[in-house]
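Q: Please take a close look at one part of this model, the packing of one helix against another, and then set that part in its surroundings. I would like a connected account rather than a list.

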Amino acid sequence: MTRISCIHSLALAGLLASTAVPALAADTITVASWGGTYQEAQTKAFFKPTADALGITIKEDTTNGLDDVRLQVTGNAVKWDITELGADECARGSKEGLFEKLDYSVIDKSGINPKLVHDDWVGISYTSVVLIYRTDVFGDKGPKTWADFWNVDKFPGRRALSGAQATETLSVAALAEGIPIDKVYPVDIDGALKSVDKIRGHVDAWWTSGAQAMQLVKDGEVDMASIWNGRAGTLKKEGAPVSFSFDQGVLTADCMVIPKGSKNKDIAMKALAKFVSPDLQANLPLYVDNGPANEKAFETGKIPPERIKDINSSPENVKKQVLQDPEFWRDTLVEATEKFNNLVQQ
Amino acid sequence: MQSARLGDFGAGQDGTLNATALRADARRESFGLLALLSPGLLLVFTVIIIPIGWLFWLSLFDEGGAFSAANYARFFEQASYIRTFITTFKVAFFVTGACVLLGYPLAYMLSQLPRRVASICLIFVILPFWTSVLVRTYAWLVILQRKGLINSWLIDLGVISQPLSLANNFAGVVIGMTHIMLPFLVLPLYASMKTIDTDCLRAGMNLGASPAATFRQIFFPLSLPGLASGVVIVFVLCLGFFVTPALMGGGKVIMWAMRMEQTTSLYSNWGAGAALGVVLLAVTLALLGLFQWLLGARATGVWSSR
């Protein structure tokens, strides 16, 4: 309901915005991200330094994802100049023509994985889907791989997987079948669905939000789960008896775009260039567990070496993980999600 | 002579003269009333009829923007849609049932209490209304989950050895939603029970009926209209519920509103989600019609026999 009411209020806000005279000063831009601790970290790492450097004002807002951008662009009421999205959402929105073209003479793309550099979207940070288990149940002999997670005889206990993000669950389902990390993409969707079919009877909760995954593990409602590394890191910091690693993690990227019709496109371009620059990218892991998208950030010397090993996108950790392919999901998401729902929602 | 004059003056041949004038007058009056109603009707038209019409219109276009029934055909192609639809009605049915079982005795008790005590008790019925649904749902999670209050008490007392599955499943959704829906049943039911004439009950007793028979034959039938309206409100509200099933269902109890949210973000055309809204609206209206036909007729029957 929160999301739906958000959409309603956005629709209303959009309506109001479209009737109001565009009175925004040219040196003010609005950036939308996911809110919460992640956006607080972005404010300190990206937004504030950029605003100071360019002498502009950066207003912030929060987004629910691609539907919000679609609503603004198709409703001709664009109020954001830059917004963050999941990389597969960027790939889908790009296909729908919702974004402005990016100018790579302004934005320096070196250091960013070419898979995340596109005409109208660019990678900004990484989240990993990792396997977490409770050490008060398993000690340090808990499930380490997704094959272990799928092995209900050797590791009895309650399980949770992501139900809202079919992309993530299908990726780990492929890993559970023993597919090596560099062969997971392109995902054999029917094979991965068969793998999900094997475990679904043993899944006690299909989580739909990061907060829910965290609550399930924290309260001991489940003994093991797939979870985003930021949430897993928070649990550990709070002293919950949990263990996780980046082995067989699924590295999913976030990206930023300029919604089509942005009134401050040129300044937005300059700001975006700052956000992805190694210098500011290196700030991000100082405040939050989401790794920088620009690997040159690790060469700036800003990130302490003992911190680097905890960051999901550090060169060491990237080798252990699968990089989720946004363009693969652009073309297969709808079909895969419907099939996944048919399997899970019964 | 007098009768002839009356005939001439009053009714013409067979009363048509006066009747025409009266009809014209009635028409004028209903026009006048309609004119008075028109601001309200205009409001209803702009804020309800037009948006719903637009919703229906949107649901007729596919992702390419072409006119098609694809958004509706999908319900039959993908098994999960029908399943979530059935789940929605199953949840609504169980929650309504639980609300009746809990709410009827509660409303009955309230209606029998002295007015002052009853109004204090009513505050406790209404109080949860002022607390956010989200907070109440999380509270239930804390109480019901595997290491929650109920399970830890029961295990400590030695009643059970394995924790009961009360949260993140169908039972959790029904418990959480019943708590939220209960006032919607109790309030109309209490109001209708208060209007029941105690003289009728006394008369029944006076004629030799036992208290149980008085309740069964007089009080219960007279409380049916209130029960019917409570049941309809609860059932219909349940059909569109989102927060509680999303949090208490553990992703295993997917209701139609949750499906709507998923579908809206999955497809690039609004029509995909709009079609779900149209179907829910149509089925809800059909159900309301059915309720009206079944319960309404019965309820009015009860009233007129009084």
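A: A definition is needed before the helix pair can be described: an angle between axes under 35 degrees counts as roughly parallel, one over 145 as roughly antiparallel, one from 65 to 115 as roughly perpendicular, and the rest as oblique. In this predicted model, the axes of helix 4 (residues 79–112) of chain B and helix 8 (residues 170–194) of chain B come within 7 Å, and they cross at roughly 45 degrees. Helix 4 of chain B and helix 8 of chain B are therefore oblique to each other, and the hand of their crossing is right-handed. Sorted by class, the residues in the contact of helix 4 of chain B with helix 8 of chain B are 22 nonpolar, three polar and one charged.

The chain around this pair is built from helices: chain B has 13 helices and zero strands, so that its elements, read from the N terminus on, run α-α-α-α-α-α-α-α-α-α-α-α-α. As for overall dimensions, the C-alpha trace of chain B spans about 100 × 70 × 30 Å along its principal axes. The radius of gyration of chain B is 27 Å, whereas a compact globule of 306 residues would have one near 19 Å.

Chain B also touches chain A, in a contact that takes 24 residues from chain A and 22 residues from chain B. On the side of chain A that touches chain B, the elements giving two or more residues are helix 1 (2–19), helix 3 (66–74), strand 6 (203–207) and helix 16 (326–344) of chain A, and helix 16 of chain A gives the most, with five residues. By class, this side of chain A holds seven nonpolar, nine polar and eight charged residues.

Within the partner chain, the domain assignment of chain A gives domain 1 (2–124 + 254–296) and domain 2 (127–251 + 324–344), whose C-alpha centres lie 28 Å apart. The contact between these domains takes twelve residues from domain 1 of chain A and eleven residues from domain 2 of chain A. On the side of domain 1 of chain A that touches domain 2 of chain A, the largest share, six residues, comes from helix 4 (residues 87–96) of chain A, and the residues of that side divide into five nonpolar, one polar and six charged.

Terms used: Residues numbered from 1 in each chain as written. Chains lettered and ligands numbered in written order. Predicted model: local features only at pLDDT ≥ 70, side-chain atom pairs only at ≥ 80, totals over all residues. Contact = placed C-beta atoms within 7 Å. Helix = DSSP H or I, 4+ residues; strand = E, 2+ residues; numbered from the N terminus. Nonpolar A, V, L, I, M, F, W, Y, C, P; charged D, E, K, R; others polar. Domains from an automatic or database assignment. Axes fitted to C-alpha atoms, helices over the stretch in contact; angles between N-to-C directions. Left-handed = near helix turned anticlockwise from the far one by under 90°. Rg over C-alpha atoms; globule rule 2.2 N^0.38 Å.
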